[in-house]
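Colleague: I'd like a close look at one part of this model, the open sheet in chain A. Could you walk me through how the strands are arranged and what lies against them?

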Number of protein chains: 2
Amino acid sequence: MKDLAIGIDLGGTNLKGVVMEKNGAMQLLTRVPTQAAKGGQQVLKNIIGLVSELMAKQGGAERIIGVGIGTPGFIDGDGTILGGAENIPGWKRTQVFQPILQATGLRVVAGNDVTVAALAESRYGAGRGVQNVALLALGTGIGGGVMINGHVYKGTHGMAAELGHIPVETGGRQCNCGQRGCVEQYASSPGIAANAREFCKSIPVGQRTAFVEEVLARPDQVSAKTVYEYLNTGDPVALRVHEYSADMLARAVGVILNVLSPDRVILGGGVMKRNHHMVDSMTKLAPRYAWPQIAERCDYRMAECGEDAGVKGAAALVFDELV
Amino acid sequence: MKDLAIGIDLGGTNLKGVVMEKNGAMQLLTRVPTQAAKGGQQVLKNIIGLVSELMAKQGGAERIIGVGIGTPGFIDGDGTILGGAENIPGWKRTQVFQPILQATGLRVVAGNDVTVAALAESRYGAGRGVQNVALLALGTGIGGGVMINGHVYKGTHGMAAELGHIPVETGGRQCNCGQRGCVEQYASSPGIAANAREFCKSIPVGQRTAFVEEVLARPDQVSAKTVYEYLNTGDPVALRVHEYSADMLARAVGVILNVLSPDRVILGGGVMKRNHHMVDSMTKLAPRYAWPQIAERCDYRMAECGEDAGVKGAAALVFDELV
């Protein structure tokens, strides 16, 4: 009986692979270097190698339903990478499904890495028990993933849920997507660091806290982590930086509420590590930016799947789309 | 064999009722006064009366699958009105499904009026042949409706797709939803009229066009219709008002693109009557506010179902949710 899925999480540094049961139990978990700099074809070879290795270790293909892949960027329904993964040269326009099928005999499905993380949270983590969920992954950028009526929503060409590119400030900071004022520029880790630098410059000398001194001394080394470490010591300027960052995030969450009316918004990504402040702030601030009846029916949670969200979500996609 | 649906479109002035086949053919179409001012219970009685009348005219319940209702505001999955229809006193908190079922023996489904209009466009109009669609109804406000993977998306509590309340100008015009800068304040008929008044005031005396003279003479009587009538005569100030209104709408459409990656955006409502300008402008402007790969895969259409969109969509909901 076919009851297992292989999941592959394509990261800039490592490929993670898993053999997973439908209940989320991981039978095998392994990682190999992505070798992103060697280009899309090498990455594809490495994925095939990893799938073959997992299949062999598991004892053959007999129980394997198929392979799910979580990748940065956009992936079309036919398995063609449409773009958005600039750190892998030549990954764009790569056809992913056919080569893996030919090499391994296994059917393949794929989704954006944050989209599949939303699926993982929905099945095994903070999204259990609700049907409509938005995940925001706050890291070097802001990724998004959306569950609609209990299923992952990709859009026809795998490009839905670019939640980091909701503008929150008209004419605001330039974003690498070409727009201005995207929430990614204010509530990702580099965005929060930029908020910190802006705030700290404006603090008069006599009112400088330890946080301000550190930011001014080493502005290039500031990250969201710096802000939240000082916030946890009670630094009032770090608190103001957080409140500003959270308000900007809340504006985007308000838009998500008005468009999708989700039951739950889940916050994940590196910025959320050991940081409960953002969830508390969303509960308070997001309702200011949405219809009251919608806001009343939405709650906010920390992501629970951690670093395995991508690989578990990729495998979960197999149970969702190939069974 | 049960093969017909009753659809009811609840308007502020009239209740429209239809008996419809699955292919959209309307066997009976009738209307009675809503009597909104008499309150929610009277409106409910009038709906029951209209359903009974349609059922009798059709020759009994034998072929009727059920009743679909399109209503302003939010309607929960269990048939309770959650709010957002302030022109009908006491409509909020009314339980709609049970009384109709008890009086007529017919099962009932319901959705927001613009949501069901999106379903009508998807099945019988401008949304045929694509899976993911957003409808914007530009009228006295801006309503929204969303089709996801070929099905109407309501959110768990029937409140999704409040697309008129996407902010497009930080700190902009006060909206009746409590926020500032919602697109409804700039691209609904009253919003476009407000744009016209603002622009015309700023035109120096020597450069006043016929449009400017009219707007300044009768500022309270300006509507979107005024703008588009003068635009069709080639008035350059009317053109500028349109371009500004369209740019504001494009900002909201850009957000919808980044969140939902729809295959098609349909524009409907009173503002769009005899007005192709807005569709042309969206094609040009919306890509400025969205990821290029997403914008490339979305097109823009005029709504096609006209004033019957609501009642046909309400009936279509029966085929979607009760069969």
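Modeller: Here is the sheet, strand by strand, followed by the helices on it and a short look at how the two chains relate.

First, the ground rules: this is a predicted model, where local features need pLDDT of at least 70, side-chain atom pairs count only at pLDDT 80 or more, and totals for chains, interfaces and linings use all residues. Residues are numbered from 1 along each chain as its sequence is written, chains are lettered from A and ligands numbered from 1 in the order in which they are written, and side-chain values use heavy atoms, with hydrogens and water left out.

Now the sheet. In chain A, 5 strands make an open sheet, ordered 3-2-1-4-7, with mixed pairing. Strands here are DSSP runs of E with at least two residues, and helices are runs of H or I with at least four, both numbered from the N terminus; two strands pair if DSSP finds at least two bridges between them. The edges belong to strand 3 (26–33) and strand 7 (108–112) of chain A; each has a single partner strand, so one side of each lacks a neighbour in the sheet. On average, neighbouring strands are turned by 20° against each other, direction ignored.

Look at strand 1 (residues 4–10) and strand 2 (residues 14–21) of chain A: they pair in the antiparallel sense over 7 bridges. Within that pairing, A:Leu4 sits opposite A:Glu21 in strand 2 of chain A.

Next, what packs on it. Helix 1 (residues 40–58) of chain A touches strand 1, strand 2, strand 3 and strand 4 (64–71) of chain A, and its direction makes about 150° with that of strand 3 of chain A. Contact means heavy atoms within 4.5 Å, and angles run from 0 to 180 degrees between N-to-C directions, with axes being lines fitted to C-alpha atoms, for helices over the stretch in contact. Helix 11 (residues 309–321) of chain A lies across strands 1, 2, 3, 4 and 7 of chain A, at about 135° to strand 1 of chain A.

As for the other chain, a rotation of 180° with 0.0 Å of shift along its axis puts chain A onto chain B, with an RMSD of 0.0 Å (least squares on the C-alpha atoms of residues with pLDDT of at least 70 in both). The two copies are thus related as by a two-fold rotation axis. Among the residues of chain A, A:Thr170 comes closest to that axis, its C-alpha at 2.7 Å.
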